[in-house]
Amino acid sequence: MAEYVVEFGKDGRPVEPDGRLDAPAFHRNHQAIWPVLQQFLAGKSGDVVEAGSGTGQHVVEFARHSPEIVWWPSDLNEQHLRSIAAWRAHVGLANIRPPLRIDLSDPAWCPEMHDGSGPDQLLAVFCANVIHIAPWRVAEGLFAGAGHYLRPDGRLFLYGPFKRGGKHTALSNAVFDSSLRDNDPDWGVRDVEALEELAANAGLKLIEIAGMPANNLILVFARSKRS
Ligand SMILES: C[S@@+](CC[C@H](N)C(=O)[O-])C[C@H]1O[C@@H](n2cnc3c(N)ncnc32)[C@H](O)[C@@H]1O
């Protein structure tokens, strides 16, 4: 199995004694991401899962802005789950639930929804910088699960670098893509059109593309028809 550890502590702040990790990219991107989420989340209540939370810093930041929304961070990696739990304890916000252990390569990635210990049908799924640092089956599972778990009015937000029409949108993304593939041939910057196909199979459609700093995008998916 591929090793998913991203050594956040390495180029960010040192790992805190309680296990909190710091991702330098978080400090560069959260202010641009939040307004796109807020546009949809403002005035709503409900459950939002963050898939592949990593350090847990995004959930902490976004939960601060949206006390009426219940945030469910998640990850697969033990060190990251510890970091998320530590950030949650550090900020003490009532609307952040303990991290869920979610493996997105399983299309039924949120069994807790059905046994009553997890969220209700989801208002949103937010997933940043995951599907290019993982095999394609992780993207497949993410979409299949989102199609299953989202509320009729729910949204899937995907943040990261993406190709459009099979082409990189910037040289820096092309360089990044080849470094990902050198590390693991199953990883790589994904194509928006290929993701639209996964979305269609899951009953979702791409409704918005928001430009982000550093040649990143947010892709917003909604149900293709009300169910
Ligand atoms: C580059 S980090 C991004 C973390 C965070 N979303 C951010 O933007 O800072 C990728 C994350 O995806 C997680 N991940 C990789 N494969 C996964 C899988 N199959 N299921 C769930 N999470 C996964 C890793 O453990 C890691 O925390």
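Visitor: What describes the packing of helix α6 (residues 136-149) and helix α8 (residues 192-201)?

Guide: In this predicted model, their axes lie 9 Å apart at an angle of about 40°. Because angles under 35 degrees count as roughly parallel, over 145 as roughly antiparallel, 65 to 115 as roughly perpendicular and the rest as oblique, α6 is oblique to α8. Helices here are DSSP H or I runs of at least four residues, and angles run from 0 to 180 degrees between N-to-C directions of axes fitted to C-alpha atoms.

Visitor: Why are α2 and α3 called oblique to each other?

Guide: Helix α2 (residues 24-41) and helix α3 (residues 57-65) pack at about 40°, with axes 10 Å apart; they are therefore oblique.

Visitor: What is the handedness of the crossing of α2 and α3?

Guide: The crossing is right-handed, the near helix being turned clockwise from the far one by less than a right angle. α6 likewise passes α8 in a right-handed crossing.

Visitor: Which residues are closest to the ligand?

Guide: G52, D75, H80, L104 and A128 are the closest of 21 surrounding residues (a heavy atom within 4 Å).

Visitor: What makes the approach of H80 to the ligand a polar contact?

Guide: The term requires a pair of N or O atoms within 3.5 Å; a polar side-chain atom of H80 lies 2.7 Å from a ligand oxygen atom. Ligand nitrogen atoms lie 2.7 Å from a polar backbone atom of G52 and 2.8 Å from a backbone N or O atom of A128. Of the 600 Å² that the ligand exposes alone, the protein buries 96% (Shrake-Rupley, 1.4 Å probe).

Visitor: On what basis are these values given?

Guide: Local features need pLDDT of at least 70 and side-chain atom pairs 80 or more, while totals for chains, interfaces and linings use all residues. Residues are numbered from 1 along each chain, and side-chain values use heavy atoms, without hydrogens and water.

Methods. Polar contact = N/O pair within 3.5 Å; in protein donor to acceptor, adjacent residues only side chain to side chain. Helix = DSSP H or I, 4+ residues; strand = E, 2+ residues; numbered from the N terminus.
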